[in-house]
Every structure is written in structure tokens, then in C-alpha cells.
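Colleague: Please take a close look at one part of this model for me, the stretch of chain you would zoom in on. Start with how far the model can be read, then show me what sits around that part.

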Amino acid sequence: MKLRFAMTAPPTSAPRAQLIHIEVDRRLGHEWDEWNGRPLPGGGDFSAAPGLFFRFAALTVAAATAAVALLVYLIGPRLGTLWTPVPRILWIAVGAFAVLQWLYVGVLAASFFGGWNLLPERLMERGPYLQLMNYTSLVARAFGKRDWVEHAAIDIYNTLAERRGRRVGKGELLVLIPRCLSKQALDGVLEIAGRYEVPVFVATRGQLARRVIRERRPRAVVAVACERDMMTGLRDVAGKLPVLGLTMQLPNGPCRDAALDLDQMERWVQGLVGFRALKQEPENAPAS
Ligand code: SF4
């Protein structure tokens with residue numbers, strides 16, 4: 001933030017109050033409210049291997065099971081005074097809950113690393129996985145690993161979603177970008193969108209993004225955002241609509257001059273609208 005001071009007091013008139021202009025060089029998204037102004041680690045590139053997510057997901061499942069077990073341990077005996085079998089039923093439920101969670105993480109890992117989605121999308125990347133991503137992110141925050149774990153979670157989500165091989169018409173795809181892209185990144189996005197004739201919207205806030213989606217009713221979305229914003233967006237939208245989420249690098253800190261992988265974006269847009277969108281008739285081509 002720059003402060004610019006200006007004193008405008010003509011010699012003949014009474015002294016005037018000092019005018020202070022506050023020039024805000026960026027507007028932070030609420031996800032970055034606690035940013036301390038220092039450069040982000042790794043130059044704002046939070047790339048991480050998928051294994052990091054699975055390790056934290058396992059920790060999350062263990063913590064959730066332990067929390068539920070503790071609750072049953074504390075209240076089970078009291079409930080047992082009302083009806084003797086209650087503690088036993090509760091412990092069986094805790095066991096089933098734990099088994100289901102571990103099974104789910106196992107199937108997820110087998111799908112991701114095995115190269116074949118073992119569950120339909122409603123039970124995987126557009127279903128419980130979105131909740132698992134969010135709870136895992138909460139646990140990762142406690143270890144100061146939030147952005148890396150979220151990056152890995154989003155990569156896994158994208159891999160699973162891409163494998164569905166979805167195709168939509170040009171007018172049915174929407175590209176959503178944030179307000180913080182660098183000029184170079186923005187130019188690149190507009191060029192790709194122009195080449196494949198897909199509409200692009202700048203979503204300054206999540207609320208606005210959801211409104212655009214409601215009004216345009218796309219059948220698929222390619223969204224660009226930082227890991228923190230993408231997690232919120234996926235949680236709110238991916239259950240209702242197929243989304244591919246491209247994360248960015250933040251070399252100058254959050255919410256300004258963000259860079260992104262334009263080749264990846266083009267591959268996704270091309271994959272969704274089909275290869276034919278690339279074809280351009282050569283000028284003066286003889287009519288067939
Ligand atoms: S997407 Fe950009 S503007 Fe939005 S919170 Fe992330 S860094 Fe800030």
C-alpha cells in the first residue's frame with residue numbers, strides 16, 4: 001500500500017486539512033486476510049506431490065475417528081444407563097465409520113495411482129472427495145501446510161475429473177478467471193478463449209462467479225484461481241457442475257500479477273470442446 005501526501009494551501013486562504021491519498025496496490029481476497037506482506041514461500045508456487053495429500057488425508061481420517069471414539073468413550077457409559085446395549089452399538093458404529101473412511105481413501109488412492117476411476121464421479125471427485133479435501137485442508141492448516149496440501153488435492157481432483165472425458169459444445173463451456181492475473185497471463189487466456197470461441201468471465205468474488213454460472217448455465221467450467229479460492233469454488237460448484245480448476249503461481253504475493261500454465265489451460269479447453277475447434281480452414285482453400 002502506498003501513501004501519498006499532498007498539502008494544498010494557497011497563501012491567502014486559511015490552512016486546509018492535509019489530504020491523504022491511499023493507493024491500494026492490491027485488494028486481497030478474504031482467503032488471504034492474514035497475509036503478513038512478506039514474499040510467499042517458493043515464489044508463490046505451491047506445487048506438491050499427490051502423496052502429500054494422501055498423507056494428510058490419512059491423518060484427517062485418523063483424527064476424525066479418534067474424535068468420534070473419544071465422544072463415545074465419554075458419553076457411552078451414561079447412555080448405557082438408559083439402555084444397556086447402547087455403548088456396544090455405538091462402538092460398532094465407530095468401527096464401521098472408521099472402516100468406511102479407510103476404504104474410501106484406499107479406493108481413492110487406487111483410482112488415482114492405478115489410472116482408472118473405480119467409482120462414479122458422484123461418489124468420487126464430485127461427491128465425498130470434495131468434503132475430504134476440505135477437512136484435510138483444515139488439518140493441514142494446523143501444520144502450516146495448507147497451500148501445498150490444497151494444491152495436491154486439486155491436482156488429484158483434476159486428474160480424476162479429466163479422466164471422465166467429458167465433451168461440451170463451445171457455447172456450453174465457461175472460462176472463469178480471477179482479477180489478479182498478470183497482463184501476460186490475461187492476454188494468453190483471452191487468446192485461447194478466442195481461438196476456441198468460449199466465453200471468459202472475470203469473477204472478482206466467489207459470489208459473482210456463482211451468479212455468472214447461474215445465469216449462463218454452462219455445462220462445464222474451466223476455473224482459474226489460487227489454491228485457497230479454488231478450494232472454496234470447488235466445494236460450492238463442483239458438486240453441481242463439472243469443473244476443472246487451474247491453480248496459479250503468485251510470484252508477487254497474493255492477489256496480484258498471478259501467472260498460470262497456459263498450455264494446461266489450452267489442453268483442457270481443447271479437450272472439453274473437442275479437437276474440431278482447432279481446425280481452421282486455410283484461406284483461399286478450394287471448395288470441395
Ligand atoms: S484468486 Fe487471486 S484475487 Fe482471488 S484470492 Fe486468490 S490470489 Fe487473491
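Modeller: pLDDT is the predictor's confidence in each residue, on a scale from 0 to 100. What you have here is a predicted model, where local features need a pLDDT of at least 70 and side-chain atom pairs count only at 80 or more, while totals for chains, interfaces and linings take in all residues. Numbering starts from 1 along each chain, in the order the sequence is written.

The protein chain averages a pLDDT of 89, and 86% of the residues score at least 70. Residues 1-12 stay under 50 and have 18 contacts beyond four places in sequence in the model; a contact means that two C-beta atoms, placed from the backbone, lie within 7 Å. Residues 277-288 are also below 50, and that stretch has five contacts beyond near neighbours in sequence. Where pLDDT is low, don't read the predicted coordinates in detail.

Now the overall layout. The protein chain has eight helices and six strands, where helices (H or I, at least four residues) and strands (E, at least two) are DSSP runs numbered from the N terminus. In sequence order the pattern reads β-β-α-α-α-α-β-α-β-α-β-α-β-α. Of the contacts with a separation of 6 or more, 68% join residues 24 or more positions apart. Buried residues make up 29% of the 288 in the chain. Here buried means that 20 or more other C-beta atoms, again placed from the backbone, lie within 10 Å of a residue's own; exposed means 12 or fewer, and partly exposed is in between.

The part I'd zoom in on is the loop between β6 (243-246) and α8 (262-273), which holds Gln249. Gln249 counts as buried because it has 20 C-beta neighbours inside 10 Å. Its C-alpha lies 4.8 Å from that of Asp45, although Gln249 and Asp45 are 204 residues apart in sequence. Setting aside neighbours within four places, Gln249 touches Gly43, Gly44, Asp45, Ala258 and Ala259.

Further along, Cys255 is in this loop too. Cys255 is buried, since 20 C-beta neighbours fall inside 10 Å. Its phi is near 70°, a positive value in a residue other than glycine. Asp257, in the loop between β6 and α8 as well, has a positive phi near 55°. For context, most residues other than glycine have a negative phi. Asp257 is only partly exposed, because 18 other C-beta atoms lie within 10 Å.

Cys255 also brings us to the ligand. It is among the closest of the 13 residues that surround the ligand, along with Gly29, Pro178, Cys180 and Cys226; a residue counts as near if its C-beta, placed from the backbone, lies within 6 Å. That shell has nine nonpolar, one polar and three charged residues, with Ala, Val, Leu, Ile, Met, Phe, Trp, Tyr, Cys and Pro counted as nonpolar, Asp, Glu, Lys and Arg as charged, and the others, Gly among them, as polar.

Next, the two elements that flank the loop. On the β6 side, Leu244 belongs to the strand itself, and it is buried because it has 25 C-beta neighbours inside 10 Å. The C-alpha atoms of Leu244 and Asn158 are 5.8 Å apart, with their positions 86 residues apart along the chain. Leaving out neighbours within four places, Leu244 contacts Asn158, Ala161, Glu162, Val222 and Trp268. On the other side, Glu266 sits in helix α8, and is partly exposed because 18 other C-beta atoms lie within 10 Å. Its C-alpha is 9.6 Å from that of Gly188, 78 residues away along the chain.

β6 has one more role in the picture: together with α3 (128-142), α4 (146-162), α6 and β5 (220-224), it is included in what covers the buried residues of α7. Those buried residues are Glu227, Asp229, Met230, Met231, Gly233, Leu234, Val237 and Ala238.
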